[in-house]
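Student: I should like to learn how the features of a structural model are read. Could we take them in turn, with the general idea placed beside the particular case?

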Amino acid sequence: MSAAAVNGGPLLEVEDLVVRYRVPRGLSGAILRRPERFVHAVSAVSLAVRRGEMVALVGESGCGKTTTAQAILRLVQADSGSVRFDDTEVTTLPSDELRRLRRRMQIIYQDPYESLDPRFRVSETVSEPLVIHGVGSRAERRHAVAHALERVGLAPAELFVDRFPHELSGGQRQRVAIAASLVLEPDLLVADEPVSMLDVSVRAGILAILDGLRDRGLAVLMITHDLSTAARFADRICVMYLGRIVEEGPAREVIESPRHPYTQALLSVVPRRDPRRRVEPQILRGETPNPIDVPSGCRFHPRCPLFASGEAARLGIEERCRSDDLALHDVAPEHRAACHAL
Amino acid sequence: MTQPLLEVEDLNVWFDLPNGGQLHAVQGVSFAVPTGARLGMVGESGCGKTTTILALMGLLPPTASVSGRVLFDGVDVLEGGEETVAPYRWKDISMIFQGAMNAFDPVKRIGEQIVEPMELHGSASGREAAARVRELLETVGIPPERAKSYPHELSGGMRQRAAIAMALACSPRVLLADEPTTALDVMVQAQILELLMYLSNELGLALVFVTHDLPIVAQTCTHAAVMYAGKIVEQGPIDDLYHGARHPYTRLLWAATPDLESRDDVVSIPGVPPRLDVELRGCPFAARCDMTAERCTVERPELQVVGDGHVSACHFATTLEVVA
């Protein structure tokens, strides 16, 4: 048994993860020796996912949630920080060991129309990971493919194995993509917007599959911009803004008593299903700043309602908001936020 | 209820298929939108929502044939085909296309593109048109000097605002919006919805929203029409459609939609919508319905009145147990 399973620690532990991309200076920039500039995609992100847990990473586009996931799987290289998967440091792992570890961490993407090879039959798509990793005999692979398809509700498997992607509906394609990610029996599944391209009628089916996998001990990191989905399916929610996690806690608690002003604003603008339920929207003006020129101090302060309303001044924290960057701190058990007002 | 500004009566659209067959995409759709009302059209992809509003604008491709009446202020605009609809298009009835923010010509300045519908209708030109562009940009919340910007210099939210400005160029009274916030983040979506609500309330625009996102309709529309397999299967005031839905499909759509504050199970709707290139027998939803009876598979249900301005096309519409 692995160390993490024995001591009950998280399966995945990310600490102070930093990912930056260099902005090309161009020829003139290089000749004139202009200073190098960076896109600060992920800035000191820490999070943990336990076995049997679904953690949702939520935020607007460009907040760094997909880059965080890519760095966890080492699809992009972290600049600093650590990613520990079952007590193995992923960021510095030699490539042959990384390859072995990758069997245990899989990803599914947003668009099942793009993520499946149109020339591959379902059986080829689902068995490909087994072939790449040299797992099993031909007969064993066939059995594993059938088992994976049935786990995602494509049963009986014989009905689906010989089909091509164009013969499947969107929901069925996403099921095939999930089956291909499950065939290696991974411990961690990263789901990047798994239902946002699908019709509402089939979304619940896909989410129910992910939900069921968690019950069997799989750790799921779901990346989504849809707070209602995160609220309903995740155990914990991490809210990202401009490369940082600004609030993190049990899903229900983050939704019902959000502490960070950004989370509060975000939740206030999510349309509710019941026409009689009205929530006063706190609409933030303008747009998220560019991650090349990250604001000083709290990166949310230029758009923060507390700052704009004078509440920050009244609390005497205005100067700190402007100049002191801050980390997450406890606001309740298991619930952390990064705001000077808390 | 005031005289409807836009009235659609028994609209049908058929597409010719390469194999010689026909696909009956819109099947006898009727609805009315009064001044200042906001109608949300919802349903799964392929149910005919977009085809319906493209038909209202006379913008369907030549492979489509259309029947029915589209009355703007009492006048049938589709009667004489392109000839009768062209004077109304953009001028009285305007539209924001799905993905409009990505449809600007990348090598022309935003201001020049917003002027186009005005020039088409000869409603303004030269200095007058330039002044109108500045006014429109201000209305939609873009600093007027951005008229000189190229599309790539604006963010997605700004480009969507510019698309709305363009749709408003000739001061229309009906605005059709096809998935106006689909590719946008939730905060930018809130900004765009706030703008559309403002236009409806302040300018008295009649809005038709096509979307697959039910909570948006719940929070912004006065009425909703649920489409399924080319037909409206339920229509009425939004509150009645949520709290007193009279069609099983409407109920399942709500149940399939997660809500931020609800712990209800989220359901999926089994099966897929029927093909529209073959004649259907019985209720088009029967195969996926959770309460099918013998009658549903043989007899096609017609819309029946179930409340004030509320209709449903289910054989059991009046006997369905009222939930919520």
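Student: How much of chain A is made up of buried residues?

Tutor: This is a predicted model, and the values are computed from it. A residue counts as buried if 20 or more other C-beta atoms lie within 10 Å of its own. Of the 342 residues in chain A, 45% are buried.

Student: What radius of gyration does chain A have, and what would a compact globule have?

Tutor: The radius for chain A is 22 Å. A compact globule with 342 residues would have a value near 20 Å, so the two agree. Along the principal axes, the C-alpha atoms of chain A fill a box of roughly 70 × 60 × 45 Å.

Student: Which secondary structure elements does chain A contain, and how are its contacts spread along the sequence?

Tutor: Chain A has 15 helices and twelve strands. If one takes the contacts in chain A between residues at least 6 apart in sequence, 67% of them join residues at least 24 apart.

Student: What should one look for in the backbone angles?

Tutor: Most residues other than glycine have a negative phi, and most peptide bonds are trans. Departures from either pattern can then be examined one by one.

Student: Which peptide bond is cis, and where is its proline found?

Tutor: The bond from A155(A) to P156(A) is cis, with omega near -10 degrees. P156(A) lies in the loop between α7 (138–151) and α8 (170–182) of chain A.

Student: Where does D87(A) lie, and is this residue buried or exposed?

Tutor: D87(A), which is not a glycine, has a positive phi of about 65 degrees. Its place is the loop between β4 (80–85) and β5 (88–89) of chain A. D87(A) is partly exposed because 15 other C-beta atoms lie within 10 Å, a count between the limits of 12 or fewer for exposed and 20 or more for buried.

Student: How does E193(A) read on the same points?

Tutor: E193(A) also is a residue other than glycine with a positive phi, here near 50 degrees. The loop between β7 (188–192) and α9 (200–215) of chain A holds E193(A). With 19 other C-beta atoms within 10 Å, E193(A) is partly exposed.

Student: How is an interface described?

Tutor: The size of an interface is often given as the accessible area lost when the parts come together. Here a count of residues serves: 33 residues of chain B are in contact with 32 residues of chain A. On the chain B side, the elements giving two or more residues are α6 (186–203), α7 (214–220), α8 (238–243) and α9 (248–255) of chain B. The residues of that side divide into 18 nonpolar, nine polar and six charged.

Definitions and conventions
Residues numbered from 1 in each chain as written. Chains lettered and ligands numbered in written order. Predicted model: local features only at pLDDT ≥ 70, side-chain atom pairs only at ≥ 80, totals over all residues. Contact = placed C-beta atoms within 7 Å. Helix = DSSP H or I, 4+ residues; strand = E, 2+ residues; numbered from the N terminus. Nonpolar A, V, L, I, M, F, W, Y, C, P; charged D, E, K, R; others polar. Rg over C-alpha atoms; globule rule 2.2 N^0.38 Å.
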